[in-house]
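Welcome, and thanks for taking a look at this one. Below is a short briefing to read alongside the sequence and the 3D view.

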Amino acid sequence: MTTARTPGHGPLTGVRVVELAGIGPGPFAAMLLADLGADVVRVDRPGGPGLAIDPAYDVTNRNKRSVIVDLKTPDGPDRVLDLAARADILVEGYRPGVAERLGVGPEACHTRNPRLVYGRMTGWGQDGPLAERAGHDIAYIAPTGTLGMIGRPDEPPAVPANLLGDYAGGSLYLVVGVLAALNHARATGTGQVVDAAIVDGTAHLATMIHGMLAAGGWQDRRGANLLDGGCPYYGTYETADGRHMAVGALEPRFYEEFLTLLGIEDQATARKDLTRWGELREQIAVRFKTRTRDDWTAVFAGSDACVAPVLSLREAPHHPHLAARGTFTDHGGITQPAPAPRFSATPTSVRTGPARPGADTADVARDWDVPGLLTAPRNPQ
């Protein structure tokens, strides 16, 4: 059964995107474009991308449509080039040179469509001594200096899931890049290649901190600075029930309100006295351990002390503020983050659930006028 094309929603309505299936940052970037209203056609390979998750739950494929093309068959590359000829953007996440060997690299695509924005998502980038090497998020962020900033000074660096590299340093930079290049293509009629490397984006995220380092306002070691857990009034603390509260009371008036509500007003002068930070941290920790997380949440409710409960993934959708804003949504029985950011004139939404591999071949062949897709391998299921 195929999924009919849904009405356009979002500022990218009318933009056509081809996504060559992969895992991680490429699909997330394409999801973001789809959330913003683009018509994203995911080109799945026979047998799937190898991600150990039921396609019905892979919400990074929401708001997309899927066709199956075997690029290793004689006519496979032509099917993708037919799509590229009608697209505004193409996104791929192969190692450097693989798309060219498969016959769908930038040169082949631009021969068919000079206006195409060709987005390339990799960890190491398209050149450099490590460009051909395999890797994952943690290996990409390690050399940039960002991983080494995270965690306690007496422990190994903390692993920030794959959010910092894959998605913040990777997907988001790819989306910014292809949209900037799309603006250029529409103004000049000329497309280009966008080389989005996780190492580049993750390093770029630390721009402000590099400035602070140069100015002498940041120590090049973990847990010794204002924003990395070194400061006792910017960090997390355990509560009586083994849960945690987050504190970010940086400015003087927020700090004073924090101390008052916590009940340690006598520590007001310790804010800028680094020699007292150890004592301050200990007193804060002791106080937080006297009550549960929910008790402290009630104490700080309505204040400007910049204190919040640390919630789990399953708890987060029920937070009153997030619930009121609709930060999470339910679609097809799956609770998931709603599209972001928000637009006053072109609102976005979760229009369809995860695209099933090959389920939309007939619709895409008709809507994009690519009849050759109908001769491509169908979903065997």
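**Strands at the core of the sheet**

Strand 1 (residues 16–20) and strand 4 pair in the parallel sense over three bridges. Please keep in mind that this is a predicted model. Within that pairing, Val18 stands opposite Leu90 of strand 4. From here the briefing follows the sheet outward and then turns to helices, hairpin, aromatic residues and the chain as a whole.

**The parallel sheet**

- Strand 1 and strand 4 belong to an open sheet of six strands, which has the order 3-2-1-4-5-6 and parallel pairing.
- The edges are taken by strand 3 (64–68) and strand 6 (192–197); each has a single partner strand, so one side of each is left without a neighbour in the sheet.
- On average, neighbouring strands of this sheet are turned by 20° against each other, direction ignored.
- Strand 4 (residues 89–92) also pairs with strand 5 (residues 117–122), again in the parallel sense, here over four bridges.
- Two of the residue pairings between them are worth finding in the viewer: Ile89 has Val117 of strand 5 as its bridge partner, and Val91 has Gly119 of strand 5.
- Are the faces of strand 4 covered or open? Both are covered, with Ile89 and Val91 buried on one side and Leu90 and Glu92 buried on the other.
- Leu90, then, is a residue to look at twice: Leu90 is buried in strand 4, and Leu90 stands opposite Val18.

**Helices 6 and 7**

- Helix 7 (residues 198–205) lies across strand 5 and strand 6, and runs at about 65° to strand 6.
- Helix 7 also packs with helix 6 (residues 163–188), at an angle of about 100° and with the two axes 8 Å apart.
- Helix 6 is therefore roughly perpendicular to helix 7, since angles of 65 to 115 degrees count as such.
- On the helix 6 side, the contact is made by Leu164, Gly165, Asp166, Ala168, Gly169, Gly170 and Tyr173.
- Helix 7 contributes Ile198, Gly201, Thr202, His204 and Leu205 to this contact.
- By character, the residues of the contact of helix 6 with helix 7 divide into five nonpolar, six polar and one charged.

**Helix 1**

- Helix 1 (residues 25–35) is mostly covered, with 10 of its 11 residues buried.
- Among the buried residues of helix 1 are Pro25, Pro27, Met31, Leu32, Leu33 and Asp35.
- Just after helix 1 comes Gly37, which takes a positive phi of about 110°.

**Antiparallel strands 7, 8 and 9**

- Strand 7 (residues 234–238) and strand 8 (residues 244–248) pair in the antiparallel sense over five bridges.
- In this pairing, Tyr234 stands opposite Gly248 of strand 8.
- The hairpin of strand 7 and strand 8 has five residues between the strands, and Gly242 in the hairpin takes a positive phi near 80°.
- Strand 8 has a further antiparallel pairing, with strand 9 (residues 307–309), over three bridges.
- There, Ala246 stands opposite Ala308 of strand 9.

**Aromatic residues**

- How many aromatic pairs does a search of the whole structure find? It finds 10.
- One of them joins Phe288 and Trp296, whose rings are 5.3 Å apart centre to centre with 70° between the planes, an edge-to-face arrangement.
- Phe288 is buried, at a relative accessible area of 0%, and Trp296 counts as buried at 0% relative accessibility.
- Phe288 and Trp296 also take part in one aromatic cluster, together with Tyr237, Phe258 and Phe300.

**Helix 13**

- Thr361 lies in helix 13 (residues 361–367).
- With a relative accessible area of 3%, Thr361 is buried, because the cut-off for buried is under 20%.
- Thr361 and Leu374 are 13 residues apart in sequence, and their C-alpha atoms are 6.8 Å apart in space.

**The chain as a whole**

- The secondary structure of the chain comes to 13 helices and 11 strands.
- Along the principal axes, the C-alpha atoms fill a box of roughly 75 × 45 × 40 Å.
- The chain has 381 residues, and 44% of them count as buried.
- Of the contacts between residues at least 6 apart in sequence, 67% join residues at least 24 apart.

How values were computed:
Residues are numbered from 1 along each chain as its sequence is written. This is a predicted model: local features need pLDDT of at least 70, side-chain atom pairs count only at pLDDT 80 or more; totals for chains, interfaces and linings use all residues. Side-chain values use heavy atoms; hydrogens and water are left out. Two strands pair if DSSP finds at least two bridges between them. Axes are lines fitted to C-alpha atoms, for helices over the stretch in contact, and angles run from 0 to 180 degrees between N-to-C directions. Contact means heavy atoms within 4.5 Å. Angles under 35 degrees count as roughly parallel, over 145 as roughly antiparallel, 65 to 115 as roughly perpendicular and the rest as oblique. Ala, Val, Leu, Ile, Met, Phe, Trp, Tyr, Cys and Pro count as nonpolar, Asp, Glu, Lys and Arg as charged, and the others, Gly among them, as polar. Rings of Phe, Tyr and Trp (its six-membered ring) pair if their centres lie within 6.5 Å; planes under 30 degrees apart count as stacked, over 60 as edge-to-face and the rest as tilted. Buried means under 20% relative accessible area, exposed over 50%, partly exposed in between (1.4 Å probe, protein chains only).
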